[in-house]
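Let's walk through this protein together, one stop at a time. Keep the viewer open so that you can find each place as we come to it.

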Amino acid sequence: MMEAKAILQEHIAKTVSLTQDEFDYFYSHFKPLSFKKGQTIISTGDKVNCEYFVISGCLKTFFINDEIKMYILQFAMPTWWASDYNALYNQTPASINVDCITDAEVLCLSNEDREKLCAEFHQIEHFFRWRTNKGYIATQKRLLSFMNNNVKTRYEELLALYPQLYNLVPKHLIAAYLGVSRETLSRLHNS
C-alpha cells in the first residue's frame with residue numbers, strides 16, 4: 001500500500017503544483033492517526049479543531065435526530081475529507097458525529113494549520129477552495145436528487161457513483177444514507 005505522504009501528494013497534485021519542498025512543508029502540518037472499526041472521531045457537542053483526510057478505511061458523518069433516527073451525511077473513503085465543518089469553521093460545538101465503519105488511517109489537519117498554510121501558499125488556498133467547491137456541488141446534487149428522485153433512482157445513482165460502497169458499507173447504513181428502511185433497501189437491491 002502507498003504510504004500516507006504519497007497518497008496525499010498524489011491527491012494534491014491533481015489540483016495544484018507544489019515543489020517537493022513546499023509539499024514536505026505542507027505535509028509536516030498533518031498528524032497521522034489510526035482508528036478502529038466503530039471508534040468515534042467526533043461526537044455531538046465536541047470541540048472540533050481538525051479535519052481528516054482518509055488514507056485507508058471508511059468513515060461516516062451522521063446526525064441522530066430527537067427520535068433517535070440516524071441520517072448519514074457522508075461516507076468518506078480513501079482520499080476523501082471528513083469533519084463537522086460548521087463546528088470547525090465557526091468554533092461551535094459539533095452537531096454531527098464522525099466514526100469509523102472500518103479500521104481507518106487518517107491524516108489530521110488542524111483548522112489553525114490549514115489557515116496558516118492557506119495564508120502562506122496561494123496554491124494551498126486554491127486547493128482548499130477547489131475542494132470546498134467540489135463538496136458544495138456534491139451536496140447540492142444530493143439535495144436535488146432527494147427533492148426530485150424516487151428512492152430507486154437515488155439508490156441507482158449511489159451505486160453508479162460509488163460501486164465499492166455496496167460491499168464496504170453495511171446495508172443498514174446505505175439505507176440511512178438514502179433515508180429509507182433496511183427492508184426497502186433489500187427490495188430495491190432484489191428488484
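**A buried charge and its partners**

At 0% relative accessibility, Glu-51 counts as buried. Before going further, please keep in mind that this is a predicted model. What does Glu-51 pair with? Its side chain forms a salt bridge with Arg-114, and the closest N and O atoms are 2.9 Å apart. Glu-51 belongs to strand S3 (residues 50-56) and Arg-114 to helix H4 (residues 111-120), so this pair ties together parts that are 63 residues apart in sequence. Arg-114 is buried too, with a relative accessibility of 3%, where the cut-off for buried is under 20%. The pair also has company: Glu-51, Arg-114, Glu-115 and Arg-131 are linked in a network of salt bridges.

How many salt bridges does the structure hold? There are seven, and two others deserve a visit. In one of them, the side chains of Lys-60 and Asp-99 meet with an N to O distance of 2.7 Å. Lys-60 sits in strand S4 (residues 59-64) and Asp-99 in strand S7 (residues 97-100), so the salt bridge ties together parts that are 39 residues apart in sequence. Are these two residues buried or exposed? Both Lys-60 and Asp-99 are buried.

The other salt bridge joins Lys-152 and Glu-156, at 3.1 Å from N to O. Here the two partners are four residues apart in helix H6 (residues 151-161), which means that about one helical turn separates them. Lys-152 is partly exposed, at 36% relative accessible area, and Glu-156 is partly exposed as well, at 40% relative accessibility.

Now step back to a longer stretch of the chain. UniProt, in an unreviewed entry, lists residues 17-117 under "domain: Cyclic nucleotide-binding". In the model, the C-alpha atoms at the two ends of residues 17-117 lie 15 Å apart. The span is 21% helix and 42% strand.

Next, look at helix H1 (residues 4-13). Which of its residues are buried? They are Ala-4, Ile-7, Leu-8, His-11 and Ile-12. These residues cover an arc of only 130 degrees around the axis, which puts them on the same side of H1. What covers them includes helix H2 (20-27) and helix H5, along with the strands S1 (30-35), S3, S6 (81-82) and S8 (104-110). You have already met S3 as the strand that holds Glu-51.

From S3, follow the chain into the loop that leads to S4, where you will find Gly-57. This glycine counts as buried, at 18% relative accessibility, just as the cut-off of under 20% requires. What is Gly-57 in contact with, leaving aside its neighbours within four places in sequence? The residues are Ala-76, Met-77, Pro-78, Thr-102, Asp-103 and Ala-104. For a sense of distance, Gly-57 and Ile-174 are 117 residues apart in sequence, and their C-alpha atoms are 16 Å apart in space.

Our last stop is on the surface. Leu-143, Leu-144 and Met-147 form a nonpolar patch there, with about 320 Å² of accessible area together. Leu-143 is part of helix H5 (residues 122-148), and H5 is among the elements that cover the buried residues of H1. Leu-143 itself is exposed, with a relative accessible area of 52%.

Key: Residues are numbered from 1 along each chain as its sequence is written. This is a predicted model: local features need pLDDT of at least 70, side-chain atom pairs count only at pLDDT 80 or more; totals for chains, interfaces and linings use all residues. Side-chain values use heavy atoms; hydrogens and water are left out. Patches are made of residues with over 30% relative accessible area and no salt bridge: like charges are joined within 9 Å, nonpolar side chains (Val, Leu, Ile, Met, Phe, Trp, Tyr) within 5 Å. Accessible areas come from the Shrake-Rupley method with a 1.4 Å probe; for residues, only the protein chains shown count as cover. A salt bridge is a side-chain nitrogen of Lys or Arg within 4 Å of a carboxyl oxygen of Asp or Glu. Buried means under 20% relative accessible area, exposed over 50%, partly exposed in between (1.4 Å probe, protein chains only). UniProt positions are given in the numbering used here, feature names are shortened, and annotations may be inferred rather than shown by experiment. The arc is that of the directions from the helix axis to the C-beta atoms. Contact means heavy atoms within 4.5 Å.
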